[in-house]
Amino acid sequence: MQKDQKPIPDEIWQTADYIVEGEYRTGAQEQLYIENNGVIAEYSPEAGVTVRGSMQCPYYLVHALELVFNLPSEKCRVIQTETGGAFGGKEDFPSVIGSHAALLAMKSGHPVKLCYDRAEDMAATTKRHPSRTRHRTAVSKDGKLLAGEIDFAIDGGAYATLSPVVLSRGTIHAPGPYLWPHLTVRAKAMATNIPPHGAFRGFGAPQSIFALERHMDKIARVVGLSPEEFRRRNFLATGDHTATGQLLKDPVDMQHLLTRALYQSDYYSKREQFDRENPTSIIKRGIGFATFFHGAGFTGSGERRLNSLVEIELTPEGHPRLLVSSTEFGQGTNTILCQIAAQTLRLPYDQIFIAQPDTGHVPNSGPTVASRTAMVVGKLVERAAQTLCGTLVHSGYLAPDYTPEDFRRAALLYLAERGSLKSEARYQSPGDIFWDDDNYRGEAYPAYAWAVYVAEVAVDTTTYSASVTNFYALQEVGKVLHPILAAGQIEGGVAQGIGYALYEKCLWQNGHFANNQMTNYIMPTSADVPPIHVTFEEIPSPHGAFGAKGIGELPMDGPAPAILNATEHATGIAFTEIPLLPEDMFERMTRAPQAGSESLDPAVAGPIFSEATA
């Protein structure tokens with residue numbers, strides 16, 4: 001994917017004090033949800049196809065069934081059952097297995113249950129896209145970014161599933177939370193002879209952010225500034241424009257977030273302590289950080305095209321019931337949406353109900369992806385609840401200062417006299433949010449979450465293994481609706497990020513996934529996950545329910561670069577690829593320095609940097 005951009009003037013490259021180049025790679029990653037992919041399909045000529053299963057996006061499967069069987073939408077019914085984890089791995093793949101089961105049901109005349117075992121699931125389903133990112137950056141001697149060229153490439157596998165949109169988000173996040181006077185980003189997805197890659201929490205951003213944050217540490221070293229100071233001189237702030245030209249109207253204070261994160265983690269004293277102890281210790285310790293952001297909601301005009309709809313109806317018992325296609329798979333969707341409705345209607349939480357996501361009964365409120373549920377769908381629930389309450393009040397059934405008992409009496413009376421009551425809210429694009437798909441310019445996301453993550457690592461020089469010993473995660477995600485669930489989202493994302501950085505490696509042999517069992521696909525256990533200290537800044541956003549912004553993908557973005565920045569501090573070696581396994585560390589740490597190899601001394605000319613000639 002490449003959009004036309006104005007070339008960076010040659011004068012900038014010719015007069016820059018430094019030009020810093022680097023190449024960074026990330027591997028594939030398996031979602032490894034607790035519950036494997038599985039569906040049950042039924043077919044009758046009268047009712048059409050019905051599929052029940054473990055999935056994130058019921059209406060995606062409806063659309064697939066329409067295409068596969070040339071059926072009208074009313075004859076394609078999909079019901080999401082309680083789902084044991086997803087992380088993007090059940091976004092589009094249920095369209096495959098659901099269509100297979102439906103075809104078998106249609107041909108056999110009987111219901112068909114199709115469930116993958118773990119080995120089948122790991123071998124056949126999509127993984128996170130591997131990536132290769134190349135940076136070329138012009139910098140002034142006082143540490144200001146002047147221009148950048150970023151080449152971002154991902155491995156799409158044998159055919160395209162969600163690669164175009166994964167590529168899009170990775171591209172938009174490649175510049176990070178920094179102000180670039182001039183920037184060119186080129187991006188492409190390549191076809192290879194392995195099973196296709198697809199959605200995984202973060203959706204392209206973890207790949208490009210990893211490269212950027214490793215590169216930022218590299219530039220700081222070249223210029224002679226601390227990683228902290230270099231970033232401070234280049235952070236975006238309120239009133240600045242992002243790389244796509246989006247004006248940051250909402251408050252942005254990365255300076256404060258960085259100050260708070262470094263203080264909470266005791267960054268400076270630990271860095272001094274590790275520098276003092278490492279020369280005489282077998283265990284080398286390091287501390288590093290990453291600063292980043294993540295856009296909430298569908299990219300660009302995606303939310304406008306989705307045109308999501310939410311409904312709330314009164315049950316015969318007089319209780320509000322939410323009708324949404326948003327799905328629960330362990331992240332707290334049902335809890336949050338019911339909480340929003342309860343708070344809006346001023347009712348106890350246990351008096352709010354939510355319907356099972358059944359496309360025969362619930363409207364299309366969009367897929368449960370893209371950090372959009374609490375912000376976008378939650379806002380629609382809030383609006384629909386306001387409409388429901390307003391109908392009861394304005395029709396004279398309910399006084400404005402009602403109690404929960406008053407509400408139920410009014411609801412039952414309304415139902416007895418008028419039969420039913422259902423309110424709805426459809427997505428309306430904010431007037432100041434516009435995305436130009438042709439030129440790839442404008443407001444990429446209605447809101448961004450901002451974060452600083454700090455990692456401490458220990459590298460054993462006898463086993464050449466690295467472990468994360470402490471982790472601090474500070475983020476600004478708007479209003480935190482449910483502190484316990486929010487902290488759980490961060491902790492889970494950090495744990496997955498640790499696996500992405502140090503443990504999880506997908507191996508292919510002749511196009512087949514070779515380590516497709518939990519005995520040989522190594523992931524972090526509870527013994528490998530350190531204490532994770534989660535804190536929040538709250539700056540309410542006008543785009544989300546009660547000021548909430550998206551949170552689900554953010555914690556996947558920051559752990560890997562923070563961990564490798566800390567590993568460089570511990571070892572003095574600038575590792576540029578993940579996962580960073582013991583054999584990789586052994587090769588680099590035992591290899592004698594050779595001419596042209598990377599050095600930590602900025603006075604040494606080599607691939608670290610080159611000084612531009614004026």
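**Cysteines, helix packing and selected loop residues**

C389 has a relative accessibility of 12%, so this cysteine counts as buried, the limit being under 20%. The model that gives this value, like every other value below, is predicted. C57 also counts as buried, because its relative accessibility is 4%.

Neither of these cysteines is part of a disulfide, since a search of the whole structure finds zero disulfides. A disulfide is a covalent bond between the sulfur atoms of two cysteines. For C389, the closest cysteine sulfur belongs to C338 and lies 17 Å away, which is too far for a bond. For C57, the closest cysteine sulfur is that of C76, and the separation is again 17 Å, too far for a bond. A pair of sulfur atoms would have to lie within 2.5 Å to be counted as a disulfide.

Helix packing was examined next. Two packed helices are described by the angle between their axes and the distance between the axes. Helix 6, made of residues 205-223, packs with helix 16, made of residues 559-571. The angle between the two is about 30°, and their axes are 8 Å apart. The crossing of helix 6 and helix 16 is right-handed. On the side of helix 6, the contact is made by I209, F210, E213, R214, D217 and R221. Helix 16 contributes A560, P561, L564, N565 and E568. By type, the residues of this contact comprise five nonpolar, five charged and one polar. An α-helix has 3.6 residues a turn, so residues three or four places apart point the same way.

Helix 5 spans residues 163-173. Nine of the eleven residues of helix 5 are buried, and therefore this helix is largely enclosed by the rest of the structure. The buried residues are S163, V166, L167, S168, R169, G170, T171, I172 and H173. Their packing partners include helix 6 and four strands: strand 7 (145-157), strand 8 (183-191), strand 9 (283-296) and strand 14 (435-436).

Two histidines in loops were considered. H197 is placed in the loop that runs between strand 8 and helix 6. With a relative accessibility of 0%, H197 counts as buried. Apart from neighbours within four places in sequence, H197 is in contact with A28, T126, K127, R128, H129, P130, D155, G156, G157, T161, S163 and W508. One of these contacts, S163, is among the buried residues of helix 5.

H543 belongs to the loop between strand 20 (532-537) and helix 15 (554-557). Its relative accessibility is 18%, so H543 counts as buried. When residues up to four places away in sequence are set aside, H543 touches D250, M375, K379, P430, I433, P446 and A447. In the case of P446, the backbone oxygen lies 3.3 Å from a polar atom of the H543 side chain.

Backbone geometry was considered at three further loop positions. I578 and P579 are joined by a cis peptide bond, with omega at about 5°. P579 is part of the loop between strand 21 (577-578) and helix 17 (582-590). S371 is not a glycine, yet its phi is positive, near 50°. This serine occupies the loop between strand 12 (353-354) and helix 12 (373-394). S371 is buried, because its relative accessible area is 12%. Y464, also not a glycine, has a positive phi of about 60°. The loop that holds Y464 connects strand 16 (447-460) with strand 17 (465-476). At 18% relative accessibility, Y464 counts as buried.

E35 lies in the loop between strand 1 (18-26) and strand 2 (38-44). Its relative accessibility is 29%, so E35 counts as partly exposed. Outside its neighbours within four places in sequence, E35 is in contact with S54, E82, T83, G84 and K90. The side chains of E35 and S54 are joined by a polar contact of 2.9 Å. E35 and Y116 are 81 residues apart along the chain, and their C-alpha atoms are separated by 9.7 Å.

Definitions and conventions
Residues numbered from 1 in each chain as written. Predicted model: local features only at pLDDT ≥ 70, side-chain atom pairs only at ≥ 80, totals over all residues. Heavy atoms only, no water. Axes fitted to C-alpha atoms, helices over the stretch in contact; angles between N-to-C directions. Left-handed = near helix turned anticlockwise from the far one by under 90°. Contact = heavy atoms within 4.5 Å. Nonpolar A, V, L, I, M, F, W, Y, C, P; charged D, E, K, R; others polar. Buried < 20%, exposed > 50% of the residue type's maximum accessible area, 1.4 Å probe, protein only. Polar contact = N/O pair within 3.5 Å; in protein donor to acceptor, adjacent residues only side chain to side chain.
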